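Biologist: Please take me slowly through one part of this model, a helix and the elements that surround it, and explain each term when it comes up. I would like one connected account rather than a list.

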Amino acid sequence: QHYFIQSNLRDMLDLEVVPERSLGNEQWELTLGMPISQAISIMRRHCKAVRNIHLCYCDYDPLAMDIIMNLTEDGIRLVFDPHSQRLKIIEVYNLEKVKLKYCGVHFNSQTVSPTNDQIEMSFGATHPGVFDPANQQFILNFRGLSFFFPSNDKLEHNYSHGLGSLQFSNGPPVVSKLCIYMGNSLSETKAPPLPIPCYQSKCYSEKVKLLKDEKRRIEGITIAIYGESGCSAQSDSSHNSVTQDILFGDGCQAVMSALGAPCKVYYKDEDKMKIHSTSPEKQLEKEESDYFYNYFTLGLDILFDGKTHRVSKFVLHNNYPGHYDFNTYYRA
């Protein structure tokens, strides 16, 4: 019985805080701008260290609210933009469940309490924070990083010289929450572009539009693709992009020339059983089965006619949470 209890205990996460960038350690890193698919992949690979994860979203209107990944046992909340599905805010809301350090030095651990003095010593506060009377909390802001200190004292007229100059009846305030984000304002922050380390030598769709002829009939799609390298003739170390047109009736070679080789080729379900037939006619029909080119990171499937090998359909994926294909494709 004693051995069973010990086997279910795990060490507290020990993570490095990088303002306006990330939260992580030597094994993994959660980076602002990271797609939700990559964050889920990290959680799966390190399921022994990070457990009991809740995914929260708006079921009836998936674009109305942020997508939240809540690491309940570690007191960490990841906020993803519902449209781009990239990481927008990293929030640590329970500092008792995780150890945190900055530049390799702990400012929150079992032996170091994240008081206002400790935060100013670790991060070098050079300006006073902001008092929020509605929530009775003091907020100390740095670029890309905010600390929240709860207080029951009336501070709105006395905090102009900084948090350290104030006297608190219940002792020095301790951080109750911190947020990592891009820019100077937490309330106005947006998910940044995909960071270079998250490209993983793949290409992603930036925007997809319909192509129409003079009579407003749909001819195909135009897709803006970006990647770390090899996706554009113009060199740009931070963002290589190119726009390609794919039309109905294009052949396989034309599609691969524009988008590259597909991640997978999928033959339509109703045609799979034809391979078991001994009839020569059925075998001939098998060779003419319709098939998809699956581009998972582009959020795109392209259907080809089995007889002509020409494009007959485009399928764009929204990657909505709750859908049976969720996390198979990136959002187009």
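Modeller: Let me begin with burial: a residue is buried when its relative accessible area is under 20%, exposed when it is over 50%, and partly exposed in between, with a 1.4 Å probe and protein chains only. This is a predicted model, in which local features need pLDDT of at least 70 and side-chain atom pairs count only at pLDDT 80 or more, while totals for chains, interfaces and linings use all residues. Residues are numbered from 1 along each chain as its sequence is written, and side-chain values rest on heavy atoms, without hydrogens and water.

The helix to look at is α2, residues 36-45, where helices (H or I, at least four residues) and strands (E, at least two) are DSSP runs numbered from the N terminus. Of the 10 residues in α2, 7 are buried, so the helix is largely enclosed by the rest of the structure. Those buried residues are Ile 36, Ser 37, Gln 38, Ala 39, Ile 40, Ile 42 and Met 43. Their cover includes the strands β3 (29-31), β4 (53-56), β5 (67-71), β6 (76-80) and β14 (203-212), and contact here means heavy atoms within 4.5 Å.

Some of these covering strands are flanked by loops that take part in salt bridges, each being a side-chain nitrogen of Lys or Arg within 4 Å of a carboxyl oxygen of Asp or Glu. In one of them, Glu 73 meets Arg 51, with 4.0 Å from N to O. This pair links distant parts of the chain, since Arg 51 sits in the loop between α2 and β4 while Glu 73 sits in the loop between β5 and β6, 22 residues apart. Glu 73 has 32% relative accessibility and so counts as partly exposed, and Arg 51, at 29%, counts as partly exposed. Another salt bridge joins the side chains of Asp 66 and Lys 88, at 3.1 Å from N to O. Here the loop between β4 and β5 supplies Asp 66, and strand β7 (residues 87-92) supplies Lys 88, again a link between distant parts of the chain, 22 residues apart. Asp 66 is partly exposed because its relative accessibility is 27%, whereas Lys 88, at 12%, is buried. The structure as a whole holds 6 salt bridges.

Now follow β14, one of the strands that cover the helix, towards its own neighbours. Two strands pair if DSSP finds at least two bridges between them, and 9 bridges join β14 to β15 in an antiparallel arrangement. In this pairing Val 208 stands opposite Ile 223 of β15. The two strands form a hairpin with 5 residues between them, and in the turn Arg 216 has a positive phi of about 70°. Strand β15 (residues 218-227) is mostly covered, with 8 of its 10 residues buried. On going further, one finds that β15 is joined by 8 bridges to strand β16 (residues 240-247), and these two strands run antiparallel. Ala 224 faces Thr 243 of β16 across this pairing.

Strand β14 also contributes an aromatic ring, and this brings in one more term: rings of Phe, Tyr and Trp (its six-membered ring) pair if their centres lie within 6.5 Å, and planes under 30 degrees apart count as stacked, over 60 as edge-to-face and the rest as tilted. The whole structure contains 17 aromatic pairs. As an example from elsewhere in the chain, Phe 107 and Phe 123 form an edge-to-face pair, with 5.1 Å centre to centre and 75° between the planes. Phe 107 belongs to strand β9 (residues 105-108) and Phe 123 to helix α3 (residues 116-123), distant parts of the chain 16 residues apart. Phe 107 is buried, and so is Phe 123. The pair that involves β14 is that of Tyr 204 and Tyr 330, whose ring centres are 5.3 Å apart and whose planes make 55°, so this pair is tilted. It links Tyr 204 in strand β14 with Tyr 330 in the segment after β20, parts of the chain that lie 126 residues apart. Both Tyr 204 and Tyr 330 are buried.
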